[in-house]
Amino acid sequence: MDAVPLWAQVLGLVLLLLLSGFFSISETAMMALSRYRMRHLASTGNRRATLVLQLLEETERLLGVILLGNNLINSAASALAAAFAIYYFGQSKYALAVASTGVSFAIIIFAEITPKVIGAAHPERIAMLVAPVLRFLMVIMNPLVWLTNLIVGFLLRILRVEQRSTDTAVSTEELRSIVMESGHFIPRKHKSILLNLFALEDLSVEDVMTPRAQIEALNIAMPVEEILHQLTTCYHNKLPVYEGEINRVIGILHVRKAIALLDQEDELNAEHFRQLLTPPYFIPEDTGVFTQLQYFQENHERLGIIVDEYGEVQGLVTLEDIIEEMIGEFTTSMPGAARAEGFCWDAKGECLVEGTTTLRDINKHLGLTLPVDGPKTLNGLLLEELRDIPEALVSLKIADCIVEIVQVQNQSIKVVKLIKF
């Protein structure tokens with residue numbers, strides 16, 4: 001130690017701390033960065049990002065180099081501090097204790113915590129800076145790393161610990177969380193569409209259909225005058241046509257083509273309308289929404305009649321219904337659309353809704369958590385809860401609100417007041 005000046009010894013200790021900090025900041029940055037961000041940068045031709053991805057593909061060797069280097073440097077720093085204490089203060093155990101404590105404190109502050117905090121704050125930038133150095137170290141330290149990993153693998157086999165490759169695939173729930181926590185990086189409307197797409201996986205056509213009671217359909221068995229009146233006052237361009245009762249759907253009628261008959265035929269009858277019908281398209285009620293979207297595309301259909309296991313009509317779904325589930329409500333000619341869009345709490349924390357309103361719409365517009373795994377409408381939920389056809393002014397608590405039945409008509413609940421608490 002006599003031949004080495006004090007300033008050189010101090011400088012050596014500082015360099016060792018810096019090297020230890022380099023390995024610490026490299027480890028944190030490489031493990032904390034977003035691989036998807038790196039893949040994006042690599043796809044734009046960024047060579048540093050490509051190198052980082054190559055290093056991450058060899059995670060075992062990379063960590064071996066970093067940990068070996070870090071521990072060797074820390075051991076060298078501790079040994080140098082002990083040599084200082086022995087040279088300047090002799091074999092005093094107090095001097096050794098102070099020197100060991102001091103260098104350990106310095107390593108924790110300057111070579112561990114501070115570099116790792118910086119590495120976690122700027123992982124991508126730092127990872128691309130240190131990648132070339134780490135690649136060089138992986139080459140020159142390869143034999144030592146290989147030997148170390150060989151010993152580690154042998155110990156793991158003795159302990160019967162299974163080694164699994166790192167799976168970087170993201171599950172649907174994780175991807176949903178990424179979208180929700182994206183902040184200002186994804187516009188609110190785009191975020192809403194993405195979240196709606198995730199939700200479609202759990203939906204069937206029964207969740208998005210127009211219920212049977214609300215279907216606007218044409219009974220071809222009616223007198224021609226009534227048929228013409230309905231055609232001239234209907235709200236849709238296509239109508240399901242049935243004969244006698246709704247379960248006997250015989251086709252789909254294009255209203256515009258039917259109206260055109262008024263100028264072509266002097267005396268209209270039911271047969272004129274039958275000739276315009278296209279075959280109905282039936283859908284099982286448990287068909288998934290995504291699956292049905294594909295079926296609509298493959299069969300060049302835009303409207304389907306939903307039937308249950310007994311072949312009875314349960315509702316109707318259109319291509320527009322599915323699209324609205326993805327991008328939100330847009331243009332519609334339905335007379336009840338304005339009511340659906342107007343769901344909101346008043347100043348008293350109350351809201352009047354119709355019993356036929358779907359639970360999903362109520363949850364979406366009012367921020368409630370009414371159960372949707374059973375009945376689809378508010379009327380169905382209340383009948384299931386009460387197990388009876390209720391009288392007016394009956395109230396009960398469901399989920400996070402009070403439900404007050406305001407009007408009952410024809411064995412069904414017509415109007416309900418929701419009270420938030």
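**Notebook: a four-stranded sheet, one helix and some aromatic rings**

I began with strand β10 and strand β11 (residues 412–420), which pair in the antiparallel sense over eight bridges. I note at the outset that this is a predicted model. Between β10 and β11 I found a hairpin with two residues between the strands, and in its turn Asn410 has a positive phi of about 55 degrees.

I then went to the other neighbour of β10: strand β9 (residues 395–398) runs antiparallel to β10 (residues 401–409), and four bridges join them. These two strands also form a hairpin with two residues between them, where Ala399 in the turn has a positive phi of about 55 degrees.

Next I looked up individual bridge partners. Val403 in β10 stands opposite Leu396, and in β11 the bridge partner of Val403 is Leu418. Following Leu418 onward, I found Cys351 opposite this residue of β11, and I recorded that β8 and β11 pair in the antiparallel sense over five bridges. For Ser395 the bridge partner in β10 is Glu404.

What is the order of the strands in the open sheet? I wrote down β8-β11-β10-β9, four strands with antiparallel pairing. The edge strands are β8 (350–354) and β9, each of which pairs on one side only. Ignoring direction, I have neighbouring strands of this sheet turned by 30 degrees against each other on average.

Which helix packs on the sheet? I entered helix α18 (residues 378–386), which touches β8, β9, β10 and β11, and whose direction makes about 90 degrees with that of β11.

I also checked the faces of β9, and Leu396 and Ile398 make up the covered face, whereas Ser395 and Lys397 make up the uncovered one. I set beside this the general point that in a regular strand the side chains alternate between the two faces of the sheet.

I turned to the rings, and the structure holds two aromatic pairs. Phe22 and Phe23 form an edge-to-face pair, with 5.5 Å centre to centre and 70 degrees between the planes. Is Phe23 buried or exposed? I have Phe23 as buried, because its relative accessible area is 7% and the limit for buried is under 20%.

Why is the pair of Tyr281 and Phe296 tilted? The ring centres of Tyr281 and Phe296 are 6.0 Å apart and their planes stand at 50 degrees, so I entered the pair as tilted. This pair links distant parts of the chain, 15 residues apart, with Tyr281 in the loop between α13 (270–274) and β5 (282–284) and Phe296 in helix α14 (residues 289–299). Tyr281 counts as buried at 16% relative accessibility, and Phe296 is buried with a relative accessible area of 2%.

I added one charge over a ring: Arg39 lies over the face of Tyr36, at 5.3 Å from the ring centre.

My last entry concerns helix α9 (residues 188–200), whose 13 residues reach 19 Å from the first C-alpha to the last, close to the 18 Å expected at 1.5 Å a residue. Within α9 I noted Lys191, Phe198 and Leu200 as buried, and what covers the buried residues of this helix includes α8 (172–180), α14 and α15 (319–327). Helix α14 thus appears twice in these notes, as part of that cover and as the helix that holds Phe296.

Definitions and conventions
Residues numbered from 1 in each chain as written. Predicted model: local features only at pLDDT ≥ 70, side-chain atom pairs only at ≥ 80, totals over all residues. Heavy atoms only, no water. Pairing = 2+ DSSP bridges. Phe/Tyr/Trp six-rings, centres within 6.5 Å; stacked < 30°, edge-to-face > 60°. Buried < 20%, exposed > 50% of the residue type's maximum accessible area, 1.4 Å probe, protein only. Lys NZ or Arg CZ within 6 Å of the ring centre and 35° of its normal. Axes fitted to C-alpha atoms, helices over the stretch in contact; angles between N-to-C directions. Contact = heavy atoms within 4.5 Å. Expected span 1.5 Å × (residues − 1).
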